[in-house]
Amino acid sequence: MRFLGLEKRDAKAAAVDLSDPAVIGWLGGVLDGGVSEETATTCVAVLACIRVRAETLASLPCHAYRPNGDGGIDRIEDGTADLLERRPNDFMTPYQFWAWKQQSEDIHGNAYALKIRNGRGQVTQLWPLNAAAMTVKHVGGKMAYQYAGDEDIPAQLIHPSDLLHFKGSILKDPFEGESLVRLTKGTLKLGKEAEQFFDMLLNNGNHFPTYITAEPGTSTRAVEDFKAQLKGKAGLWHAGETLVFGPGLRPEQNKMTLQEMDFSPQLRWNLEQVSRIWRVPLPIINDLTHGTYTNSEQASIWLAQYTMTPVCKATEQVLSLGLFPRGSYAEFNMDGLQRGDYNSRTAGYLRMTSGGIMTRNEVRRKENLNPLPGLDEPLISLANGTVSEDGSVVNPNVVEPVAKDARSRIAARFAKDGPTERSWEFARTVAAPVVESLALAGIVGTVDEFVEACIE
């Protein structure tokens, strides 16, 4: 039988080992008003934030890359990359592994994964360790990790090269991350106590609206008759009927109404505090008290930029240093998280393709559409050149659209007003910058020659 996370032992059994991490965590929770790293998830606000952060990271694909020597990068597809993409260990999917990593990091301040190697020294598994059972030792600039052991991994001293150590965003010192739960016990304790107080208030029966008082000398029969009358008036069909009180019975109003017992402002304040600490926007954890379509959409962008980007960056650096040779690196793909709404996304694709930055088939792949023939070449604006029949760009000329516009304006002015001095003055003003640009492109001529060509 387990009691508060500890096994209840026989009275004749040995005393509880105070060095046991579970015992330490339970005692810490008792001394801190029931809030500890082990009990923090019983707070609804904390649990909501932990789920958002862990599930968001777990939903992002993680890949490994290396430079290809031609100025580009190639995706790594070997056993080490498979640890990130397909199977970190024999019992967890990548989604489960990254969710565990973020949960441990947020609750304990640190997450540890042991590198399991084969006979050739290659890392074949990333095995999760209990952060509460880990002690970081550092003497004279050298580090080691003392693990107390669990059901699968025996107690041992672990070298840093055999471990991936993910630290939380707030550091206790250069060697360990600090638990957000430990840093915010005061806020979490207050929220937990508010929930417990309201629960006890209801369980103790102090939420009734009215009650009946009996004056001295009131007969027992009168009280019993009144109880029977109450039972007889229950249900839909007796709604609104008048009750007749017997001699000596008087109804009283509870001075503390249900409205006065409303603890929702206190609970909301606690939710806001936890949301600030864990950097999760309120609309993301389903608090739409002041939610609109606009701020809910911006909340998703805020979550990506200011919450998940730092988490991904810190995780990527640990993976790159601990698993891959110099120059290679791991990266989470956040495109799905930052893709935005449909209109914004398609407008961005249009700018990328019209500028020649992306091909149309690259856009189709991002939208999970099959490629189409003829869409693998980048587009280029006709203002920057002409396109031949085979699709290639020839004779780029950025001045041509401007010159064409100038010719039409000058011709229209002369057709309207004739060859007056004012028409020539207007024409020379419009033609001067065009002629200068044509000269830079190798086409030499005077301003008046350009004007005369426009008139003709």
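Which residues are buried in helix 2? In this predicted model, the buried residues of helix 2 are Ala45, Val46, Cys49, Ile50, Val52, Arg53, Ala54, Thr56, Leu57 and Ala58. The helix itself covers residues 44-58, 15 residues in total. From its first C-alpha to its last, helix 2 reaches 21 Å, close to the 21 Å expected at 1.5 Å a residue.

It helps to place this helix in the chain as a whole. The chain contains 15 helices and 17 strands. Of its 456 residues, 32% count as buried. The surface that the chain exposes comes to about 28,400 Å², and carbon and sulfur atoms supply 56% of that area. Among contacts with a separation of 6 or more, 54% come from residues 24 or more positions apart.

Helix 4 takes in residues 94-108, again described by 15 residues and a reach of 21 Å between the first and last C-alpha, close to the 21 Å expected at 1.5 Å a residue. This helix is mostly covered, with twelve of its 15 residues buried. Pro94, Phe97, Trp98, Ala99, Trp100 and Lys101 belong to the buried set, as do Gln102, Ser104, Glu105, Asp106, Ile107 and His108. Charged side chains thus appear in this list by name, including Lys101, Glu105 and Asp106. After helix 4 comes Gly109, which has a positive phi, near 90°.Aromatic residues link helix 4 to another part of the chain: Phe97, Trp98 and Trp100 form one aromatic cluster together with Phe332.

Phe332 leads on to a small group of strands. Three strands form an open sheet in the order 4-3-15, with antiparallel pairing. The edges are strand 4 (73-75) and strand 15 (329-332), each of which pairs on one side only. From one strand to the next, the twist averages 40°. In general, strands of a sheet pair through backbone hydrogen bonds, either parallel or antiparallel. Here, strand 3 (residues 62-67) and strand 15 run antiparallel and are joined by four bridges. His63 stands opposite Glu331 of strand 15.

The loop between helix 9 (293-323) and strand 15 holds Pro325. Is this proline buried or exposed? Its relative accessibility is 56%, so Pro325 counts as exposed, the cut-off being over 50%. Pro325 and Arg66 are 259 residues apart in sequence, yet their C-alpha atoms are 9.1 Å apart in space.

A search of the whole structure finds eight aromatic pairs. One of these is formed by Tyr112 and Tyr145, whose ring centres are 5.9 Å apart. The planes of the two rings stand at 70°, so this pair is edge-to-face, given that angles over 60 degrees count as such. Tyr112 lies in strand 5 (residues 110-117) and Tyr145 in strand 8 (residues 142-147), so the pair ties together parts that are 33 residues apart in sequence. How do the two tyrosines stand with respect to the surface, buried or exposed? Tyr112 has a relative accessible area of 1% and Tyr145 one of 6%. Both values fall under the 20% cut-off, so Tyr112 is buried and Tyr145 is buried as well.

Key: Residues numbered from 1 in each chain as written. Predicted model: local features only at pLDDT ≥ 70, side-chain atom pairs only at ≥ 80, totals over all residues. Heavy atoms only, no water. Helix = DSSP H or I, 4+ residues; strand = E, 2+ residues; numbered from the N terminus. Expected span 1.5 Å × (residues − 1). Buried < 20%, exposed > 50% of the residue type's maximum accessible area, 1.4 Å probe, protein only. Pairing = 2+ DSSP bridges. Axes fitted to C-alpha atoms, helices over the stretch in contact; angles between N-to-C directions. Contact = heavy atoms within 4.5 Å. Areas by Shrake-Rupley, 256 points an atom, 1.4 Å probe, with all protein chains shown as cover. Phe/Tyr/Trp six-rings, centres within 6.5 Å; stacked < 30°, edge-to-face > 60°.
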